[in-house]
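Please open the structure in your viewer and display it as a ribbon. The tour proceeds by selections, each followed by a short account of what is to be found there.

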Amino acid sequence: MSTSRHRRAIVALALVALAVAACAKQNGTNGQSNVGSIGVTPAPPPVAAPSAAPTPVTSTPPTGATRSTKTGARILTFDVKQKPSCPVVASSDSPFSAPGQDVILEWSVTGATGIALSIDNPDYYDMNHMGSYGSYGPTGQVDISFPCDLAQQPNTTHQYTLNTVGGNGPSVSMTLKVSAQTNP
């Protein structure tokens, strides 16, 4: 065998030996090969290092307690975004006039496909399965004219009732009373 071939064979064997040693080290045998050995027990597998990811925390309610899961429709918000005002009509005592301002209502519900809105009749939805003013999505706002009645002094008041529509469970409702000073 030529010297060059001999060196290549030695280098190849050295590389194989290094590869076997590396594999053995990865497998937890501390670089010892048990190839050709009889009665050698392999080392136990390495213990896994703790993972960096946190483990989820779970809690169990105390004995006798129950977990409450809210299902069905809920009204998250139902508010007046813009307060109304009644118009001011000019007279001999008051030479200026001013237009009235509409009321803007806003809402957000969950567990329902939409809402029904009724004006001045909180029971309208229960009797008709729809709102007297209309139906809308689960979140939104609406600009509604605010009719003022001079017979109502000192304030004109209207009631706005929101009923949830669709979803699981019964409809939920909420009524807002909105007032504005009635101007003579």
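The stops below go from the whole chain to its sheets, then to the core and two threonines.

**The whole chain**

Begin with everything selected, bearing in mind that this is a predicted model. The chain contains two helices and seven strands. Followed along the sequence, these elements give the pattern α-β-β-β-α-β-β-β-β. Of the chain's 184 residues, 22% count as buried. The exposed area is about 13,100 Å², of which carbon and sulfur atoms supply 57%. If only contacts between residues at least 6 apart in sequence are considered, 59% of them join residues at least 24 apart.

**The sheet of four strands**

Select strands 4, 3, 6 and 7, in that order. They form an open sheet of four strands, ordered 4-3-6-7 and paired antiparallel. Which strands stand at the edges of this sheet? They are strand 4 (134-136) and strand 7 (173-181); each has a single partner strand, so one side of each is left without a neighbour in the sheet. From one strand to the next, the twist averages 25°.

Now take the pairings one at a time, starting at strand 4. Strand 3 and strand 4 pair in the antiparallel sense through three bridges. To locate this pairing, select Leu 117, which stands opposite Gly 134 in strand 4.

Move on to strand 3 itself, residues 114-119. This strand is mostly covered, with five of its six residues buried. Six bridges join strand 3 to strand 6, and the two run antiparallel. Selecting Ser 118 shows one such place: its bridge partner in strand 6 is Thr 161.

Next select strand 6, residues 155-165, together with strand 7. These two pair in the antiparallel sense over nine bridges. Gln 159 and Lys 177 may be highlighted here, as Gln 159 stands opposite Lys 177 in strand 7.

**The sheet of three strands**

Hide the previous selection and show strands 1, 2 and 5. These make up an open sheet of three strands in the order 1-2-5, again with antiparallel pairing. Strand 1 and strand 5 occupy the edges, each with a single partner strand, so one side of each lacks a neighbour in the sheet. With direction ignored, neighbouring strands of this sheet are turned by 20° against each other on average.

Within this sheet, select strand 2 and strand 5. The two run antiparallel and are joined by six bridges. Val 103 stands opposite Ile 144 in strand 5, which gives a convenient pair to label.

**The nonpolar core**

Restore both sheets and display side chains. Which residues of the largest nonpolar core touch the most other members? Of its 19 residues, they are Phe 78, Leu 105 and Tyr 160. Strand 1 (74-82), strand 2 (103-110), strand 3, strand 5 (139-144), strand 6 and strand 7 each supply at least two residues of this core. The largest share, four residues, comes from strand 2.

Centre the view on Phe 78 and show the residues in contact with it. Leaving aside residues up to four places away in sequence, Phe 78 touches Leu 105, Glu 106, Trp 107, Leu 117, Tyr 160, Leu 162, Met 174 and Leu 176.

**Two threonines**

Select Thr 164, which is placed in strand 6. Is Thr 164 buried or exposed? With a relative accessible area of 2%, Thr 164 is buried, because buried means under 20%. Its side chain reaches the backbone nitrogen of Val 172 at 2.8 Å. Apart from residues up to four places away in sequence, Thr 164 touches Ala 73, Ile 75, Val 109, Ala 112, Gly 114, Ile 115, Tyr 125, Pro 170, Ser 171 and Val 172.

Finish at Thr 139, whose place is in strand 5. Thr 139 has a relative accessibility of 53% and counts as exposed, because exposed means over 50%. Residues up to four places away in sequence again being left out, Thr 139 touches Trp 107, Ser 108 and Val 109. As a last step, draw the C-alpha to C-alpha distance from Thr 139 to Gly 114: the two are 7.7 Å apart in space and 25 residues apart in sequence.

Notes: Residues are numbered from 1 along each chain as its sequence is written. This is a predicted model: local features need pLDDT of at least 70, side-chain atom pairs count only at pLDDT 80 or more; totals for chains, interfaces and linings use all residues. Side-chain values use heavy atoms; hydrogens and water are left out. Two strands pair if DSSP finds at least two bridges between them. Axes are lines fitted to C-alpha atoms, for helices over the stretch in contact, and angles run from 0 to 180 degrees between N-to-C directions. Buried means under 20% relative accessible area, exposed over 50%, partly exposed in between (1.4 Å probe, protein chains only). A polar contact is a pair of N or O atoms within 3.5 Å; within protein, one must be able to donate a hydrogen and the other to accept it, and residues adjacent in sequence count only if both atoms are side-chain atoms. Contact means heavy atoms within 4.5 Å. A nonpolar core is a set of buried Ala, Val, Leu, Ile, Met, Phe, Trp, Tyr and Cys residues joined through side-chain atoms within 4.5 Å. Accessible areas come from the Shrake-Rupley method with a 1.4 Å probe; for residues, only the protein chains shown count as cover.
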